[in-house]
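Grab a pencil and open the viewer. Here are some exercises to work through, each with a solution that goes step by step.

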Amino acid sequence: MIKLILSLIFLIICCKINPIQSFKLITLTTGPASDLGFNNMVNQGRIGVSKAMKIEDSRIYIVSGRNETYALLLPLVQNDDIDLVICSSQDHADACKDIAALYLNSPTIKTQFLVRGSGATTKNLIQISYNYGSINYISGMFAGLQTIKNKIGFLSPGAAAKNNDSFVYAFWLGAKQVNPDIEFYYYNIGSYMDQDKTIAATQDLIDIYGCDVIADTLDDFSAGNVAIQRGQYALGTNGFPQRDVYGENVIYSYAYNWTKYFLPIAGSVANGTVPGKWYADFNKEDNYNFYDLSFGFEVSQNIKELLINQSRILATTERAKHPYYCNQYMEAYTKQYNLSRQANTINCVTTSAFFYINQPVGDMIYLGNYEIRLAKIEFSSSVQKGFSIASGCLIGLVILMMIGIVYYKDTPSIRSASPIFLNFSLIGGIIIYIGIIIWVGPVNTHQCNARFWLVTLGFSTLIGSLVVKNFRIWLIFDNPELKSIKITNYQLFPWVGLCLVINIVLMAILTSVGDLKAIEAQGIDSLGKYEYMTVCKMNHAGASTLYSILAYFAALLLVGVFVSWKIRIVDIEEFNESKAIANTLYAVSFCLFVIVPLMISPQDKQSETIILCVAGLFITTAALLIVFIPKFWRVFIYGKEGTNEMFKQKKSSSVATARAESASKNSSGGVNSGGQKTNRRGNVVSGDFTDDSESSLSEPNKPNNIDGTVNVTAGAVLAEFTDDSISEYDENEVVEQQPQESTTTQE
């Protein structure tokens, strides 16, 4: 037992004094390790170091930008006794340098910081740079040899991602050296990882510019995936061994081997001997060869040998003498853009000036910063055609109704309903149908305003005419004293006009202050990220005005309901439209209960348009059919004679007769000196209350009823409020004759 305890104590002591197992490593990346690009390879380097040194505390953090990096890293360095921080991106460099300077002479914090760059080092700051010009030059040579169409495309992050296009130039130069006939097109994406832009830009390079070889230096493989989907070979040129994942679909790739550099740096930190600067490139010593090349089976042996030999030449040649530093293009380029040249040369750019090559060199074709073109989603053409055809057919039907009204205007069924107001209602229906056709049409600011104007004016005309003409029926029949109420069409026109004026005023307010216009909207109707739809939009003032218009329509409907209830007692079928009006208004009211919540609630725009147009067609068509079908049916069945011989024999209305009897008995009027009964206002009571066109004047030889009441004939009432000639008489010419002493019969 004692031996076992002593053994455990010994192991614990050994573990505590073992510097490798207690080593703490932090690696910072700007993206996920799953990106199949730069960040993945940095993570592979971290894993390689952790395995080789058996590091148990090896962490990775995704962070970008100076402030975020500083906020994340500072407390870790202060509290966790970190040995090495790998700041893999230039995004991290400033924060890491600031923290390193903060603890440069600290007696307690011994953290070493590895940053990207080739600047000054300190005792706790290590710098590493790698030559991406050389690998892009080799990759360009492969692309120039691989292309069939002699058209090569390239995608780079660009200046917006705090990068330069010097490596794009190196790629182009490599292709140009082996294939002078190439056309080279390139885009800046603006980021190391923007899949949407990368995919769209790659598609443009293939579809618009005809490139059959696409390369990039981005952090993912979106460009390669597009090339594979289009039946082309892909190139893996972002430092990840893409052939290990995609196999022979990738004909060429290279990989960064960070382990070869992270491991000796971490080992030096653990041992306390840290060289200040590191440089990664092709190297004649395999242990320090940073790039691993991989070729597909389709690549000829000659091409493989050419590229491998060229990489060896670069590995043994001073970097300043590499071909992408010294060539026939640099003399004019350095002069044009005021870049420094190497001493005693005219065609060699300095290594520092190389990183300022951002403008196209030679015949490179720069296509600019790529912006995704938004795709416009149009309203369903089938729905547009469906509503337009349906509305057009209904307009044709309404026109036929108008012709029928004119043709049969002298029949009791049509004349009793005021033909001119019937045509007003039909015109209102046509206006609504035209508004619906415009509603589903192409959206623009004029269309947005026109559709509201047409639909609201049409609705006001249709319902206003219907309500106003039946208001006259109510005034004539709800008349206990049988006063001669002469209400001509000319007297009713202003009331219909008032309905339209109110509508026009409200719509003018909406148009002027509502800012009703067409806008390009994204993020609606399940649209894609780069899709948009043109829709109509108004501000809060416009919405408030629209609610006022709806309230006005509701008030108009309530008046209509009231009038339809008041004329329910009229027992002459031609005059009694209470059921038709009630059914129409109930249908309208029901639809409005659907429309109003829909308009104030967020909805799918296309669905909203469909529902509104269906409701508009239903309301209008239902109103017209409910009102007009019975009229034309009576014309078809009874012709010019009216229903049930009422208009043949001028049969009296029982309701009007009953009220006449009541008025005769209860009237405060008396009998004048001529033996005639007068009403309260002293007017002589006649046997009828129609105009001359219907023999309304008292006929001396025409008897009254035996009981002394008068006959109120349907024909007389018909003329009373449909013929403009009744305006010849004073509105108080409502008379009853004194009953004759002898018994007479009803005419």
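**Exercise 1: an arginine in a strand**

R116 belongs to strand 4, residues 112–116; helices (H or I, at least four residues) and strands (E, at least two) are DSSP runs, numbered from the N terminus. Before you start: this is a predicted model, where local features need pLDDT of at least 70 and side-chain atom pairs count only at pLDDT 80 or more, while totals for chains, interfaces and linings use all residues. Residues are numbered from 1 along each chain as its sequence is written, and side-chain values use heavy atoms, with hydrogens and water left out.

Task: find out which side chain of opposite charge is nearest to R116, and how far away it is.

Solution.
- Step 1. Get the terms straight: buried means under 20% relative accessible area, exposed over 50%, and partly exposed in between (1.4 Å probe, protein chains only). A salt bridge is a side-chain nitrogen of Lys or Arg within 4 Å of a carboxyl oxygen of Asp or Glu. For charge, Lys and Arg count as positive and Asp and Glu as negative; His and the chain ends are not counted.
- Step 2. Look for the partner: the nearest side chain of opposite charge is D219, 8.7 Å away, and R116 is buried without a salt bridge.
- Step 3. Check the backbone too: the R116 side chain reaches the backbone oxygen of S88 at 3.0 Å.
- Step 4. List the company R116 keeps, where contact means heavy atoms within 4.5 Å. Skipping neighbours within four places in sequence, R116 touches residues including F38, C87, S89, Q127 and Y130.

**Exercise 2: what covers a helix?**

Task: work out which residues of helix 8 (residues 222–229) are buried, and what covers them.

Solution.
- Step 1. Pick out the buried ones: S222, A223, G224, V226 and A227.
- Step 2. Look at the surroundings: the cover includes strand 6 (151–156), helix 7 (195–207), strand 8 (213–216) and strand 9 (234–236).
- Step 3. Go past the end of the helix: G231 follows helix 8 and has a positive phi, near 80°.

**Exercise 3: salt bridges across the chain**

Task: using the 4 Å rule, say how many salt bridges there are, then study three pairs.

Solution.
- Step 1. The count comes to 13 salt bridges.
- Step 2. Take D363 and K176, whose side chains meet at 2.5 Å, N to O. This pair links distant parts of the chain, 187 residues apart: D363 sits in the loop between helix 13 (351–354) and strand 13 (365–369), and K176 in helix 6. D363 is partly exposed because its relative accessibility is 37%, while K176 is buried because its relative accessible area is 11%.
- Step 3. Now D204 and R373, a salt bridge at 3.1 Å, N to O. D204 lies in helix 7 and R373 in the loop between strand 13 and strand 14 (375–376), so the pair ties together parts that are 169 residues apart in sequence. D204 is buried at 7%, but R373 is exposed at 54%.
- Step 4. Finish with E248 and R243, which meet at 3.0 Å, N to O. E248 is partly exposed at 31%, and R243 is buried at 14%.

**Exercise 4: positive phi**

Task: for L36 and D515, find what value phi takes.

Solution.
- Step 1. L36 has a positive phi of about 55°, although L36 is not a glycine.
- Step 2. Locate L36: the loop between strand 1 (24–29) and helix 2 (38–53). L36 counts as partly exposed because its relative accessibility is 22%.
- Step 3. D515, also not a glycine, has a positive phi near 50°. D515 sits in the loop between helix 18 and strand 15 (517–521), and is partly exposed at 40%.

**Exercise 5: the whole chain**

Task: count the helices and strands, then find what share of the residues is buried.

Solution.
- Step 1. The chain has 24 helices and 16 strands.
- Step 2. Buried residues make up 50% of the 747 residues.
- Step 3. Among contacts between residues at least 6 apart in sequence, 72% join residues at least 24 apart.

How values were computed:
A polar contact is a pair of N or O atoms within 3.5 Å; within protein, one must be able to donate a hydrogen and the other to accept it, and residues adjacent in sequence count only if both atoms are side-chain atoms. Contact means heavy atoms within 4.5 Å.
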